[in-house]
Amino acid sequence: MIDFELFGLGFQAWITIITVMSIFIVMARTRIPAEVVFLGALTVLLIFGIVTEEEGMAGFGSEPVVVHAAFFVVMAGLMQSSVLYWLTKHMLGTPKNYKQAILKLMIPVAGLGALLNAVNVVALFIDVVKIWARKLGTEPSRLLIPLSYAATLGGTCTLIGNSSNLVISGLYADQTGQSMNLFAPLLPGLFCTAVGICLVLVFRNMIPRRNSPETSFESTSDYTVELLVPTDNAAVGMTADEAGLRNVRGGSLIEIVRFDKEIITPVPSDEFILGGDRLIYAGQINEILELKRTHGLAAADHHVYSINEIDSNRKLRTAYVRFGSDLIGTSMSDNGFEHRTDMVLVAVARQGQRVQQQPREVRLEAGDTLLFECPPKDDREIEELTRGTLTFFDSHFVPQLGPKTIISSLILLGMFLLSIFHVLPLMATTMLAAGGMLLTKCCRLQKVTKYIEWELLLILGSTVVFSTAITKTGIAQTVAESVLSMSGDHPNPYVIMAILCLLASLLSEFVSDVGACGVFFPIAYHMATALGCNPMPFVISLMIAVTTSFASPIGSSTHMLIYGPGGFHFTDFLKIGVLMHIILLAANLLIVNLIYPLY
């Protein structure tokens, strides 16, 4: 080991600090997937011997990871047995005005966010919100932000409501040997949720109005055109590329329909043109129609899409480019995505407006809305092919209510009761519930893996290891002692708690809340013990602070989900988010210290 010390920290401590700081810089400045960044940083800690192989593996077998993995199986059972679809159909009712819509949306969504994980709830309700917005004659953006806030705030009420709560509870158990109750943050979470709902009602006029990207896609005749190849056309017998008919000015050839209704899509460069072919183009319609003059094509007798008359299994689906997607910065003409997935890009919308450019040449950005013509595959198969790259919200899944709907609901209720009354620890109850879902066939084993977010599990496991490294190398203790020494002979624990929560919440605005809590938990815990305080108020206030960061789409997983569907601009979240951040931070510190005594 290298003999080195600076500001009371040794070589391994500084390597840990540099590694952790690098995670946040790389995540903020690059499009490298978060799980790759976290695993790369973990590799550095292993190479320098900062953590042992056993400690590294222990992170992936820790309580947060195991509980999350088991809960994914529970969620799969709830989805496949149609419990969640039944809830969305029967819980909300029909609002009469915008103010009533906010209340009818936020209260039940907050409740579900506490029980079913905030991210899953937002994904489930996005389509419902769009329907509501259409009925109320308003923009979906005005309801999507309240949806995101409600799910996130509700998620602060339980340990399974969001990932950062689970990480902190697991780290707390490692430090104290005592498991936190599933509803440990319930009272502070309920208070902050009530404050948050009131703030949304008061500041509702500050919520930005943005056109939904789907408004650009409402009429297929607006973005596709069908042209007919006459029998005596010069292009007959030539390939699509040789005839200059595949990539044309203003658009591209997305499909050929033969006289026998055979569909060729995507159209390969060496596909031959035959007399009577219908050529389906997407792009700038006015420019594409010039092909009639320049290439001797004719207008078809009617417009296609009419997809049903050709193949009832083909469908149009809307997807949103995820943050961190490998499609960002590329175009469909050069990234090979269409070839890999057998999907054809028809149109692109950005921030609520259709991009007036040939779709396959558009350089994609996070949040872009893409309209695809999809092959006759199961929706789940398509979503599995695009996992981590795109997010689909227009699922064609038809719920089948039956006995399994009741069984899976009872399993979920049993999981909560066992945890509430301390019959079993949280990890045991979630694993038992997951096993119950599989044994009763509420979810099928071969399809469970499609519901598991492996990337999140990798991040959770790595975060636990980083927290171990911060404690093991003395960083947490040194930082705690340094801060206390600068605070004078009688440091105020309330001020120190407030500063820690403020710094943690600011960091979580730019990186994940999971990463922020992994860094700040050991520091907060050592601060509390050094002050001779009860660590619980420090832990609970940190738990809520890293979650309620609403001023940017990056720091909130639920904000990232609504970014594309709402047609938002990046700065839209600042308008109401900064106020929400400040007031909720104050509310959090107030209620936590009223409920949990410091001494």
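**Questions on the fold**

Me: Between which two helices does the loop with Asn-117 lie?
Reply: The model is predicted. Helix α6 covers residues 98-116, and α7 covers 118-136. Asn-117 sits in the loop between them, so the two names are α6 and α7.

Me: Is Asn-117 buried or exposed?
Reply: Asn-117 has a positive phi of about 80°, although it is not a glycine. Its relative accessible area is 7%. Buried means under 20%. Asn-117 is therefore buried.

Me: Is Lys-441 buried or exposed?
Reply: Lys-441 is not a glycine, yet its phi is positive, at about 60°. Lys-441 lies in the loop between α18 and α19 (445-448). Its relative accessible area is 59%, and the cut-off for exposed is over 50%. So Lys-441 is exposed.

Me: How many helices and strands does the protein chain have?
Reply: Both kinds of element occur in the chain. The strands number 13 and the helices 26. The counts asked for are 26 helices and 13 strands.

Me: What radius of gyration does the protein chain have, set against a compact globule?
Reply: The chain has 599 residues. A compact globule with that many residues would have a radius near 25 Å. The chain's value agrees with this, and it is 27 Å.

Me: What box do the C-alpha atoms fill?
Reply: The box is taken along the principal axes. The C-alpha atoms of the protein chain fill roughly 95 × 60 × 50 Å.

Me: What percentage of the 599 residues are buried?
Reply: A residue is buried if its relative accessible area is under 20%. Out of the 599 residues in the chain, the buried share is 56%.

Me: What share of the accessible surface belongs to carbon and sulfur atoms?
Reply: The accessible surface of the protein chain is about 24,800 Å². The part that belongs to carbon and sulfur atoms is 60%.

Me: Which helix gives the most residues to the nonpolar patch?
Reply: The patch lies on the surface, with about 850 Å² of accessible area together. Its members include Ile-406, Leu-410, Phe-421 and Leu-432. One helix, residues 403-420, gives five residues, the most to the patch. That helix is α17.

Me: Is Val-423 buried or exposed?
Reply: Val-423 is one of the patch residues. Its place is the loop between α17 and α18 (426-439). Its relative accessibility is 51%, and over 50% is the cut-off. So Val-423 counts as exposed.

Me: Is Asn-588 buried or exposed?
Reply: Asn-588 lies in helix α26 (residues 572-595). It touches Cys-192, Ile-540, Ser-541, Ile-544 and Ala-545, leaving out residues up to four places away in sequence. Its relative accessibility is 0%, so Asn-588 counts as buried.

Me: Over how many bridges do β10 and strand β12 pair?
Reply: Strand β10 spans residues 344-350, and six of its seven residues are buried. Strand β12 spans residues 369-374. Ala-347 stands opposite Leu-371 in β12. The two strands pair in the antiparallel sense, and the bridges number five.

Me: Which residue in β11 is the bridge partner of Arg-350?
Reply: Strand β11 covers residues 353-354. Two bridges join β10 to β11, and the two strands run antiparallel. In β11, Arg-350 has as its bridge partner Gln-353.

Me: What omega does the peptide bond from Thr-265 to Pro-266 have?
Reply: Pro-266 is in the loop between β6 (263-264) and β7 (278-283). The bond from Thr-265 to Pro-266 is cis. Its omega is near -15°.

Me: With which residue does Arg-363 form a salt bridge?
Reply: Side chains of opposite charge can pair when their charged atoms come close. Here the closest N and O atoms are 3.3 Å apart, and the cut-off is 4 Å. The partner is Asp-334.

Me: How many residues apart is the pair of Arg-363 and Asp-334?
Reply: Arg-363 is in the loop between β11 and β12. Asp-334 is in helix α14 (residues 332-335). The pair links distant parts of the chain, and the two are apart by 29 residues.

Me: Which residue meets Glu-290 in a salt bridge?
Reply: Glu-290 counts as partly exposed, at 38% relative accessibility. Its partner is exposed, at 63%. The N to O distance is 2.7 Å, and the partner is Arg-293.

Notes: Residues are numbered from 1 along each chain as its sequence is written. This is a predicted model: local features need pLDDT of at least 70, side-chain atom pairs count only at pLDDT 80 or more; totals for chains, interfaces and linings use all residues. Side-chain values use heavy atoms; hydrogens and water are left out. Patches are made of residues with over 30% relative accessible area and no salt bridge: like charges are joined within 9 Å, nonpolar side chains (Val, Leu, Ile, Met, Phe, Trp, Tyr) within 5 Å. Accessible areas come from the Shrake-Rupley method with a 1.4 Å probe; for residues, only the protein chains shown count as cover. A salt bridge is a side-chain nitrogen of Lys or Arg within 4 Å of a carboxyl oxygen of Asp or Glu. Helices (H or I, at least four residues) and strands (E, at least two) are DSSP runs, numbered from the N terminus. Buried means under 20% relative accessible area, exposed over 50%, partly exposed in between (1.4 Å probe, protein chains only). The radius of gyration is taken over C-alpha atoms; the globule rule is 2.2 Å times the number of residues to the power 0.38. Contact means heavy atoms within 4.5 Å. Two strands pair if DSSP finds at least two bridges between them.
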